[in-house]
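Please open the model in your viewer and keep the sequence beside it, since the tour moves from one selection to the next.

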Amino acid sequence: MSKILLIEDDKEIGELLSEHLSGYGMTVVCAEKPSEAYEALKSGDFDLVVLDIMLPETNGFEVCKRLKGEYDLPVIISSARGNTSDKVLGLDLGADDYLI
């Protein structure tokens, strides 16, 4: 069973994604702030991080950069920000994919 860390500050979106992924047998841990995500990473063995860009505390690009520097985890950015420069930046920072 896959374990996913979902970093999403919008509760409705987080609940919808969590429910959908759980329906495929995945365990989803939700974090609304980057600090919560870093804490969860200390105690859990995750297979994937799904990351929003617009977050409190810091933006998802900074989170992606830190995650890719400290952990050997695939990161998928899931964001409403779909302009080309955001996609390029996310992928340049190490995201494995960028979904709009």
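Begin by selecting L51, and you will find that this residue stands opposite I77 in β4. Bear in mind throughout that what you are looking at is a predicted model. The two strands to show around this pair of residues are β3 (48–51) and β4 (75–78), which pair in the parallel sense over three bridges.

Now widen the selection to the whole sheet, which is open and consists of five strands in the order β2-β1-β3-β4-β5, with parallel pairing. At its edges you will see β2 (27–31) and β5 (97–99), each of which pairs on one side only. If you look along the sheet, neighbouring strands are turned by 20° against each other on average, with direction ignored. Add helix α2 to the display: α2 packs on the sheet, where it touches β1 and β2, and its direction makes about 165° with that of β1.

Next, turn to the interior. The largest nonpolar core has 21 residues, and the ones to select for the most contacts inside it are L5, I7, L41, V49, L51, V63 and L67. At least two residues of this core come from each of β1 (3–7), α2 (34–43), β3 (48–51), α3 (60–70) and β4 (75–78). Apart from this core lies another one, of six residues, among them I4, L21, V28 and V50. Within the 21-residue core, centre the view on L41, which, once its neighbours within four places in sequence are left aside, is in contact with L5, F46, L67, Y71 and L73.

From here, move to L48, a residue of strand β3. Is L48 buried or exposed? With a relative accessible area of 19%, L48 is buried, because the cut-off for that term is under 20%. Its contacts, again without the neighbours within four places in sequence, are K3, I4, L5, L73, P74 and I76. One of these, I4, is 44 residues away along the chain, yet the C-alpha atoms of L48 and I4 are separated by 5.0 Å.

For a stop on the helix side, select S18, which belongs to helix α1 (residues 11–22). S18 is buried, with a relative accessible area of 15%, and beyond its neighbours within four places in sequence S18 is in contact with L6, V28 and C30.

The rings are worth a separate display. The structure holds zero aromatic pairs, but charged side chains do lie over ring faces: K3 over that of F46, at 4.9 Å from the ring centre, and R66 over that of Y38, at 3.7 Å from the ring centre.

Finish in the loop between β3 and α3, where you should select E57. E57 has a positive phi of about 75° although it is not a glycine. Why might this angle catch the eye? Most residues other than glycine have a negative phi. At 52% relative accessibility, E57 counts as exposed. In the loop between β3 and α3 you will also find N59, which counts as partly exposed at 32% relative accessibility. To close the tour, draw a line from N59 to P34: these residues are 25 residues apart in sequence and 8.6 Å apart in space, C-alpha to C-alpha.

Notes
Residues are numbered from 1 along each chain as its sequence is written. This is a predicted model: local features need pLDDT of at least 70, side-chain atom pairs count only at pLDDT 80 or more; totals for chains, interfaces and linings use all residues. Side-chain values use heavy atoms; hydrogens and water are left out. A nonpolar core is a set of buried Ala, Val, Leu, Ile, Met, Phe, Trp, Tyr and Cys residues joined through side-chain atoms within 4.5 Å. Buried means under 20% relative accessible area, exposed over 50%, partly exposed in between (1.4 Å probe, protein chains only). Helices (H or I, at least four residues) and strands (E, at least two) are DSSP runs, numbered from the N terminus. Contact means heavy atoms within 4.5 Å. Two strands pair if DSSP finds at least two bridges between them. Axes are lines fitted to C-alpha atoms, for helices over the stretch in contact, and angles run from 0 to 180 degrees between N-to-C directions. Rings of Phe, Tyr and Trp (its six-membered ring) pair if their centres lie within 6.5 Å; planes under 30 degrees apart count as stacked, over 60 as edge-to-face and the rest as tilted. A charge sits over a ring if NZ of Lys or CZ of Arg is within 6 Å of the ring centre and within 35 degrees of the ring normal.
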